[in-house]
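This briefing goes through selected features of one protein model, grouped by topic. Please keep the structure open while reading.

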Amino acid sequence: MMTFRKISAESSGRLITAYFTQELPDPEHDFLTQPGKVPDADGGRLTSYYTGRDGRASWRPDMRPEIAAALGIDPKTPPKNAQLNRLFEAKRADNGDDWSRNARKISAYDLTLAPHKSVTLAAEFAPTEAERAAIWHAIDRANDATMLYVAREIGFARRGHGGEDGANPGEVAWVSFRHDTARPTVEARDAGTGQTYLIDTPTGGDPHAHIHNALFNVVVTEEGHVGSLDTKRLRSRVHEFGAYFQAQLADELRRIGIAQQYDANEQATVISAVPQDISDFFSKGRRNVIRAAKEYAAAEGADWAHMPIDRKRRILSMAGLAARLDKDKGTSDHEIWREQARRLGWEEKSLLGTPASPVGTREQRYDIAYRFAARHLAREFETAAVIDHDKLRTYAARGLIGTGIEGGVKDIDHVVALIEQRGLELGGERVSLIQEMRGDRLRVTNSAQIAIEEDLAIQAARASGDRSGALSDRQITEAIGRSPLDFASEHGKTQKAAIYALGRGGALSMLTGVAGSGKTALLSPLVDAWKHDTRYDTNGRRVIGIANAWRQADALREAGIFDTSAMLPFLARLERGDVNVDRNTVLVIDEVGQVGPRQMLRLLQLQRDTGCTIKALGDHEQAQNIEAGDTIEMLRRVLDPEDMPELLSSVRQVSARNRQIADLFRGAEPEESDLESHEFRGAAANAHTDEENDDDVRNRFHLKEVRDAIDMKRADGTIRLVGGDHEEVLQDIARLYVTRRDALVADGAGLRRGRTKTISMSALTNQDAADLSRAVRKILQERGEISTHEITVQAIDQRGETYDLAIATGDRLRLYRRTWGSVDGKGATVGNNGDVVEVLAHGDAGLRVRTKDGLVADVEWRRFRDAKTGRLLLGFGHAMTIDAAQGLTSDEHINALPRGVELATGFTSYVAESRARGTTWTMISDGATFEVVRNQRALGDTTPITSDDLWDHVAKKMAHKPYKSLGTDLVTRTRKVRDARIRELIALGRTHETLTKSGGFVAQMA
């Protein structure tokens, strides 16, 4: 794998050198020119003897004289600390002069390459120094080959401001530093001030082989021009370079006879003889250090939570010592690791064997690598309509890990050519790839995706033109008159207008409604009108409610739709012929943004074949579908405005201020002039080439809206950066949840309205939801609200994650599928995926639970059991994922972000910030946020990180909306061409509808 980070030219070169050399002094021995063993404590110098290079620091092995002269380097002698100090400050190594007349902010880029943990452990626990050196030599050679590839690809000198005048190829230089340990960075909170500090622990890390390559930010062209690196090429190719390293390493390990295989994700080579449990054990540095430090403090009679930061620093500096047994004190990390490995069952034996050659002919190996890459690219296209061409090269390189990469980069080129020539297989269909440049990036889609999107557009246009099943104004007016709803307010008038528009619409129309706008409520009069419509059946129209999840579908019962289904079961029943749909049927699809284009196309084909009516409800700014493409965007392009009513005001939030905050998180639709003002042009565009730019300018517009929302929440005290380590952050969020729950339960106003006020809590991942639920459970169990008499069961979630789950009376459990039980002796649905039940009792037969509707149900264990694993499909239920929370309403909500905002998007943030009638509390890990902001800075940048810097980062992540690309957009170069194509598709769809009505289309098809 490869990572990279900038190094600041304004840094202290001495400190950067100390970091990379691990404070080792200048070498007294040149292993390249002066053979001879120089033993030392940890075997590092013996390894240097065997490999012929100094692990402390070594120049690029084939450095050209032009670049060496520009940097003042003698590549024939080992790097000295004084030379490195100057180079890291963008100065010549020999005399300290600047590299060129143009000052640099960045002196170098730290490109770090690391093998899989199993390779590290094979080297660390090798039975002889010679074997250890052989494995390190394989890592070194793979590193060198990769850096040569990187140099070839990014060794271009940029000309002009930010490279606006282009770039010319040239020579580059780097220095490599071999490290064998990961030193974890941990969070620690000062009990006095509440401030969280990041502390780099000097001991107690895990074995972790990796090589830092400081690539200097200077390129010397053939004409003698000295420029800066064109690092835009680096950012987009980092995964490919990492895969190339793994393929080269696999070849090197074969040469020394070490058996290997792919890792679980098929991204790296793994040494087969190293057990996975041992690799896992040596991959938990941060958690081990924190736990050991707390145990050390407790052994000394101190309370970690109430300890000042200086004392925590001292204990953390001894975290490795604290983790050891008394008899181990005073020994080195390497000795401790060996002892731990022996206790885990590691057998000390040689892993070297007979050198192995790649199997088969070169063409056969190319074919195997092609099939590997094609399989993975097919998975990419399941969720993305358009991908970067770089992914073709990445998967080609990963395919060559298993086959061999004797031809180097040419092998990648050959496999990519096969992918482009042969195409892929998607869903049993052979598809071709279509490539187009977008800006400076080569992007790829596939023929099947374009066919789906164009067919969807045609069928949507056709259906919307069919008004045969539309309701009349009289029918709608009469239904509104029968409804108890009050439409007198301004929002009510908007709802009323939407009711008429949706009812009058064709066989396909779509309502866009913001969170809390009352989309479900306004359906009630329409459902009533459809049930009173006897044109096709004397019993009225049949209305079926469908949504991506059962829980969302069942919520449509509030509108009077009692025939409901999740999308996948509905489509399965349709294929089996178990559901009857005809022109008398109305399909109401809720949360249509979560419905994929393939599913929507199937429903439109159903409409074409049966004449049924489809009414879709959703919001483009909430959670998106997983499938490739964007259903709502396609529908927005082809439907007429009168078939797309909107409800852009909310009635969920009680206070105007909370409504304003929620609206800002959603964002307004920007005008063209607003977008133009946020475009990067000319030199400014080139100046941003080192940034991870977002292609969609709407996100830059939305950033200010989210920053304003955050500022309002800060003023209200409803958003916090929570200090402490991860466990302390979880505890603080759990305490807030329990405190606010108690306050809401005690609120007399809520009780007088006939219901108890509620609080909900969402998180970005299942793991975070589980961790938060455990933290809440611990508090409630200490208070006696959850029994201490508990059982532990083996459980699994819907993603296949396994864990032990403690269950006791009083627990809240999340269901991971539609679950059947018994209520008053009769079979009934207890809940759906995402629903939470309360445990009333547990026994040998199963659980007695209280459902979300307040019913008491008995559920047998077998009803929870997963058919494949036998584990129970259950999880803790005090927190849920944001996807599960969509459609939920509570009095208060906690948007919990215990690992920071790195996985947040504008879609998830809007959903989380719009669940509550009252306050939404946003709780974000301070330490995790600070660490990301710090790591985004160049190494050695001493500019203070301010509170505004942290909040700017939070706003950027919470504003970013990764709208799904459309394959059809890739093949239309301009918006004018795209709009013309859309008009063609609409015309084609309307023609189909006309021919269908006249019978001509049927005859034509025949």
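An open sheet of 5 strands, in the order β1-β3-β9-β6-β2 and with antiparallel pairing, is the starting point. The model is predicted, and local features are taken from parts with pLDDT of at least 70. From the open sheet the notes move to the helices beside it, then to a barrel, two hairpins further along the chain, and the cavities.

**The open sheet**

- The edges of the sheet are β1 (2-8) and β2 (58-59), each of which pairs on one side only.
- Within the sheet, β3 (residues 106-113) and β9 (residues 206-216) run antiparallel and are joined by 6 bridges.
- One residue pair to look at here is T112 with H212, its bridge partner in β9.
- As background, strands of a sheet pair through backbone hydrogen bonds, in either a parallel or an antiparallel sense.

**Helix α6 and its surroundings**

- Helix α6 lies across four strands of the open sheet, β1, β3, β6 (174-182) and β9, and runs at about 30 degrees to β9.
- Helix α6 (residues 129-154) also meets helix α5 (residues 117-124): their axes come within 8 Å and cross at roughly 145 degrees.
- On the α5 side the contact is made by V119, A122, A123 and E124, and on the α6 side by R132, I135, W136 and I139.
- By residue class, this contact has 6 nonpolar, no polar and 2 charged residues.

**A salt bridge between sheet and helix**

- What is the separation of the closest N and O atoms in the salt bridge of D180 with R132? The closest N and O atoms of D180 and R132 are 3.7 Å apart.
- D180 belongs to strand β6 and R132 to helix α6, so this pair ties together parts that are 48 residues apart in sequence.
- R132 is also one of the α6 residues in the contact with α5.
- Across the structure there are 78 salt bridges.
- In general, side chains of opposite charge can pair when their charged atoms come close.

**The barrel**

- A second set of 4 strands closes into a barrel in the order β4-β5-β10-β11, again with antiparallel pairing.
- Neighbouring strands of the barrel are turned by 65 degrees against each other on average, with direction ignored.
- Strand β4 (residues 156-158) is joined to strand β11 (residues 226-229) by 2 antiparallel bridges, and R158 has S228 as its bridge partner in β11.
- Strand β5 (residues 167-171) is joined to β10 by 2 bridges, also antiparallel, with G170 opposite T221 in β10.
- Strand β10 (residues 219-221) pairs with β11 over 2 bridges in the antiparallel sense, and V220 stands opposite V226 in β11.
- Which residue of the β10 and β11 hairpin takes a positive phi? G224 does, with a value near 95 degrees, in a hairpin that has 4 residues between its strands.

**Two hairpins built on β33**

- Strand β32 (residues 836-842) pairs with strand β33 (residues 846-850) over 4 bridges in the antiparallel sense.
- In this pairing H842 stands opposite L847 in β33, and the hairpin of β32 and β33 has 3 residues between the strands.
- β33 also pairs with strand β34 (residues 856-860), in the antiparallel sense and over 5 bridges.
- Here R850 stands opposite V856 in β34.
- The hairpin of β33 and β34 has 5 residues between the strands, and G854 in its turn has a positive phi of about 90 degrees.

**Cavities**

- How many cavities of 30 Å³ or more are found? The count comes to 7.
- The largest cavity has a volume of about 100 Å³.
- Its lining is formed by Q653, N658, I661, A662, K713, D716, T718, E913, A916, G918, T919 and T920.
- Two or more lining residues are given by each of α24 (656-666) and α27 (698-716), and α24 supplies the largest share, with 3 residues.
- The lining divides into 3 nonpolar, 6 polar and 3 charged residues.

Key
Residues numbered from 1 in each chain as written. Predicted model: local features only at pLDDT ≥ 70, side-chain atom pairs only at ≥ 80, totals over all residues. Heavy atoms only, no water. Axes fitted to C-alpha atoms, helices over the stretch in contact; angles between N-to-C directions. Contact = heavy atoms within 4.5 Å. Nonpolar A, V, L, I, M, F, W, Y, C, P; charged D, E, K, R; others polar. 1 Å grid on protein atoms, 1.4 Å probe; cavity = no way out; pocket = protein on both sides within 12 Å on 5 of 7 lines; lining within 4 Å. Points joined across faces, edges and corners; volume = space filled by probe spheres on them. Pairing = 2+ DSSP bridges. Salt bridge = Lys/Arg side-chain N within 4 Å of Asp/Glu carboxyl O.
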